[in-house]
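Got your viewer open? Let's take a walk through this one, a selection at a time.

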Amino acid sequence: MNNFAVLTMAALLFCYGILQPVNAHLMVAQHGTLNFIENDVYMVLSLPVSGIENIDENKDGVVSMIEFNNQRTTITQQVKKQISMSDQHGNIAVESIILSPVIDHHAEEQSLSQMQPLSQITVMGKFALKSDAEKLTFHANIFGTSPSEQNLEITAKNKQKAEKHSFVLTPTVSSAQLFE
């Protein structure tokens, strides 16, 4: 996929995410992908809302669309702090973050409302690699409160090199080397 197609897709998903929560999930909960295209790595992760701190404004135990929209900056800051990649030169920050809320499965049966609870947040972003990047490691430390939210299954793909690597991150093992 060329850069124009990726940017167009990202812009459409961003606009869709602002207008309404996602009903058709972009990514299965607690899963993610890392797609290598030339010197960029495009990331899509489905993260639990309960893993993001301080966004439940009214402390009722659920995060609504209103709270999500009010807390986009906080969520983005936590993603930047808790998700990264590194190579032999050091850390590589995630860029161009796009957040897309996912409504709770039980709430989907009800009519759409700004008060419906969110269960997941789909996070899209990009890592810009240096041309000599080696020994890449992916780091993610956003996990939810329930046992089913304590792992993150990632698939990394590099079609140019015909490489694919899958791994699972947990609170105790929050990083993995890519393409060992």
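Start with the whole protein chain and turn on contacts (heavy atoms within 4.5 Å): among those between residues at least 6 apart in sequence, 65% join residues at least 24 apart. Before you go further, note that this is a predicted model, where local features need pLDDT of at least 70, side-chain atom pairs count only at pLDDT 80 or more, and totals for chains, interfaces and linings use all residues. Residues are numbered from 1 along each chain as its sequence is written, and side-chain values use heavy atoms, with hydrogens and water left out.

Now colour by secondary structure. You'll find three helices and 10 strands, taken as DSSP runs numbered from the N terminus (helices: H or I, at least four residues; strands: E, at least two). In sequence order they go α-β-β-α-α-β-β-β-β-β-β-β-β.

Next, colour by burial (buried is under 20% relative accessible area, exposed over 50%, partly exposed in between, with a 1.4 Å probe and protein chains only). Of the 180 residues, 44% come up as buried.

Select residues 72-82, helix H3: its buried residues are Arg-72, Ile-75, Gln-78 and Val-79. These sit on the same side of H3, because they cover an arc of only 130 degrees around the axis (taken from the directions from the helix axis to the C-beta atoms). Spin to the face turned away from that side, and there are the exposed Thr-73, Lys-80 and Lys-81.

Last stop: colour by pLDDT, the predictor's confidence in each residue, from 0 to 100. The chain's mean is 83, and 78% of its residues reach 70 or more. Select residues 107-113 to see pLDDT below 50.
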